[in-house]
Amino acid sequence: MHKLKKIRPVYKIAFLILTLFAVVIALPGCSATRGAVARGWAGGVVEDGVIYTGSMEGNLVSVNATDGRLIISIPLETQEPSSGFLSCAQGSSAIAIYSSPMIADDLVCVGGYNGKVYAFSRSEIRQEPRWVYPRQDNVGGSIIGSIIYNNGKLYFGSANNRVFALDATDGYKEWEIELPDKVWSTPAIMNDTLYIGCFDKKFYALDTADGSIKWEFETEGAIVSTPVVDGNTVYFSSFDRSLYALNAATGSLKWKYSADNWFWATPVIYNGAIFAPCLDGKIYIIDTANGKKKSDYDLESPVSSSPVLIDDVLVAATQDGVIYGIDITGTGYKDLVNLEEMIFAPLIAGDGKVYVHTNLDTLHEVDAKTGAKREIYIK
Amino acid sequence: MEWIGSIWDLIILNPVINILIMLSDYLVGSFGLAIMVLTVVVNLLMYPLTQRQLKATKAMQAMQAEIAEVRKKYAKDKQKAAQEQMRLMKESGVSPAGCLLPMLVQMPVWIALYQSVIRLLATAPEGFMDLSQRLYTSWPVFSQIPLNSHFLWLNLANPDMFMAILVGVSMWVQQKMTTNPGADPQQAAQGQMMLWMMPLMFGFLCLSLPSGLAVYWVTSTIIRIIMQYFSTGWGGLTLPFRGGGTSGKGPDTKKNQGRVPKQKRTLSADDTSADIVIESSPAQEERIEDGESGSESEDSGGSYSTSYQSIRRKAGGGRSRRNKRR
């Protein structure tokens, strides 16, 4: 029998260093990948006194807006965790939801990070969806942007480089078109044209009838933002840190405005001015006619959550959890409340109130004028 | 503790992230190439430290036999043994810190590279949010995001089995080069542990981490193998095309590990008709095996120091002895 060998101090130290190295790699790696692990940040919609949102547990949640009572919480689906050896993935099998639920007549529809679209009946809401697209497997890539509804059709983009149009009634595919790269952008529709951005740095105008490309406009960065159409102008932002205004019919550039970081959130247009939140911590107020900056509000924390307009108050949320009320008539802004939770999800407007979905998976109701808040549990 | 993270991000992590993006832009948008180039540059900058570490490690290995003798000699007086060991190290100008300090200094750089790669390969929206706050507004890096994650056959954001194997194999080779083939049994066992632990650990890590990291690890390890070769030779690595020579340590080096002292021992010398029979203490064996260039010593037929006088040649006896062993 061999004697138990003593380990020399040098080897001990080397062993400790290696172990430390592995731990240091694993832990910051996990924290680094935590930023890369999809957790979801769905906004939502308020319809007939009911708030619909997607929870970080992968559930479609409906809440009574009056008393904050949870009506139903439906898991979209469960999936196998994609963990491997020493994976940082949590044990949860929830599907991340970035797509804000939307209303299509009697349906409430939501897209999942698993690449599926789920449609539930609102009048007789129950655990089973009325339909799922596709019936089997998934569309081939994650759905990050929200779905929009127009004239009986649902439109959305996916990370497998495609834009889809579905029949809202039964979820059958009307058409799909392949673009050169991922599509995270939420589409916007005006008349018979669908506007959408792509990772290939191009902005596309598609025919809603068949998905054919009407025109395209190239920028210097990937496009993930949601476009806004106002009159004959379409506004969107690119990863080149610019906000663009294009002629909606021809795709010609009207103007562009550049900032210090990405315009991630969807801007709001009011009375000849575009209120554009930026990840540099400012909200820029730009003249829609010529692209000149009128003023800006420095909120000192990135604004990735799309703001909402309630009466004459633009409500915006910073990533560090402060809710601001900006008087759009130009008298300034004030902080309404500090929720002290990270906010990435688009804000939800409803009946003089703002609903804020935080990274702790809590829904906060904030009064747009007074800042009075109420916590709504959606778990 | 949060301020430590902030300083780390400000001084180390964010610069590395921005440099990687810029490199990627210059290298035809290939993030894989950017990882490799930055790894090479960082390794070259670290070369003096690496060199120091390699030399110190080699010196420590060279002393192991003497240390073993001291231990044996003062087996019953541990304090004395420790004192003697310290004296030996002092006389030779060797310090364990010489091996470990450079490693400690280099670790933050490796960790920063690792964290940068994993952050830049973010695929979920949260990763983009994180990145947006790390990019330099005065550099043209914003429009480069997202980086092209395809490199050769790899999707750098996903794990890859072949790269995991490559990481394990390259690390094994590098580790093997650092092992001391003529070590005493205790040291040999420890060497074996280190030899397998690192490659297996990192190989398994690669099975669940983005293959971009594996590209970094493989590049880094290959550079270190090259540096190590020019600094200390092949060390404990047996290469078949080298006629079984491991810096002149013979093909039966492994068998020789853990030998009982004072035994006769046959070294391989295929190009000679004579065996070299060494009657030596473990310390002497150690020195011969760890000689500055063992193979040269064999070829020259004895350029060892005067303390190895017990080496003698037995003409004609070698072949039969070798056959017997087989």
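A:Cys198 counts as buried because its relative accessibility is 0%. A:Cys278 is likewise buried, with a relative accessible area of 0%. A search for disulfides through the whole structure, over all chains, returns zero. The model is a predicted one, and the values reported here are computed from it. The description below takes chain A as a whole, then parts of its strand content, and then chain B.

Chain A contains one helix and 32 strands. Of its 379 residues, 60% are buried. The accessible surface of this chain comes to about 15,500 Å², and carbon and sulfur atoms hold 48% of that area. When contacts in chain A are taken between residues at least 6 apart in sequence, 39% of them join residues at least 24 apart.

Four strands of chain A make up an open sheet with antiparallel pairing, in the order 1-2-3-4. At its edges lie strand 1 (44-47) and strand 4 (70-75) of chain A, each of which pairs on one side only. From one strand to the next, the twist averages 15°. Within this sheet, strand 3 (residues 59-64) of chain A is joined to strand 4 of chain A by five bridges in the antiparallel sense. A:Ser62 has A:Ile72 of strand 4 of chain A opposite. In general, the strands of a sheet pair through backbone hydrogen bonds, and the pairing may be parallel or antiparallel.

A further group of paired strands in chain A centres on strand 6 (residues 107-111), which is largely enclosed by the rest of the structure, because five of its five residues are buried. In a regular strand, side chains alternate between the two faces of the sheet. In strand 6 of chain A, A:Leu107, A:Cys109 and A:Gly111 point one way, whereas A:Val108 and A:Val110 point the other way, and all are buried.

Strand 6 of chain A pairs with strand 5 (residues 102-104) of chain A, to which it runs antiparallel, through three bridges. A:Met102 has A:Cys109 in strand 6 of chain A as its bridge partner. The hairpin formed by strand 5 and strand 6 of chain A has two residues between the strands, and A:Asp105 in this hairpin takes a positive phi near 55°. Strand 6 of chain A also pairs with strand 7 (residues 117-121) of chain A, in the antiparallel sense and over five bridges. Here A:Leu107 stands opposite A:Ser121 of strand 7 of chain A. Five residues lie between the strands in the hairpin of strand 6 and strand 7 of chain A, where A:Gly115 takes a positive phi near 85°.

Later in chain A, A:Thr362 is placed in strand 31 (residues 362-367). A:Thr362 counts as buried because its relative accessibility is 8%, under the cut-off of 20%. With neighbours within four places in sequence left aside, A:Thr362 is in contact with A:Glu341, A:Val356, A:His357, A:Glu375 and A:Ile376.

Chain B has 13 helices and five strands. It consists of 326 residues, of which 53% count as buried. About 15,300 Å² of chain B is exposed, and 62% of this area is supplied by carbon and sulfur atoms. Among the contacts in chain B with a separation of 6 or more, 71% are between residues 24 or more positions apart.

One helix pair in chain B is formed by helix 2 (residues 31-45) and helix 9 (residues 211-232), which pack at an angle of about 35° with their axes 9 Å apart. The crossing of helix 2 and helix 9 of chain B is right-handed. From helix 2 of chain B, the residues that meet helix 9 of chain B are B:Gly32, B:Ile35, B:Met36, B:Thr39, B:Val40, B:Asn43 and B:Leu44. Their counterparts in helix 9 of chain B are B:Gly212, B:Val215, B:Tyr216, B:Thr219, B:Ser220, B:Ile223, B:Arg224 and B:Met227.

B:Met177 is located in helix 7 (residues 161-178) of chain B. B:Met177 is buried, because its relative accessible area is 3%. B:Met177 and B:Leu205 are separated by 28 residues in sequence and, from C-alpha to C-alpha, by 22 Å in space.

Note on methods: Residues are numbered from 1 along each chain as its sequence is written. Chains are lettered from A and ligands numbered from 1 in the order in which they are written. This is a predicted model: local features need pLDDT of at least 70, side-chain atom pairs count only at pLDDT 80 or more; totals for chains, interfaces and linings use all residues. Side-chain values use heavy atoms; hydrogens and water are left out. Buried means under 20% relative accessible area, exposed over 50%, partly exposed in between (1.4 Å probe, protein chains only). Contact means heavy atoms within 4.5 Å. Accessible areas come from the Shrake-Rupley method with a 1.4 Å probe; for residues, only the protein chains shown count as cover. Two strands pair if DSSP finds at least two bridges between them. Axes are lines fitted to C-alpha atoms, for helices over the stretch in contact, and angles run from 0 to 180 degrees between N-to-C directions. A disulfide is a pair of cysteine sulfur atoms within 2.5 Å. A crossing is left-handed if the near helix is turned anticlockwise from the far one by less than a right angle, and right-handed if clockwise.
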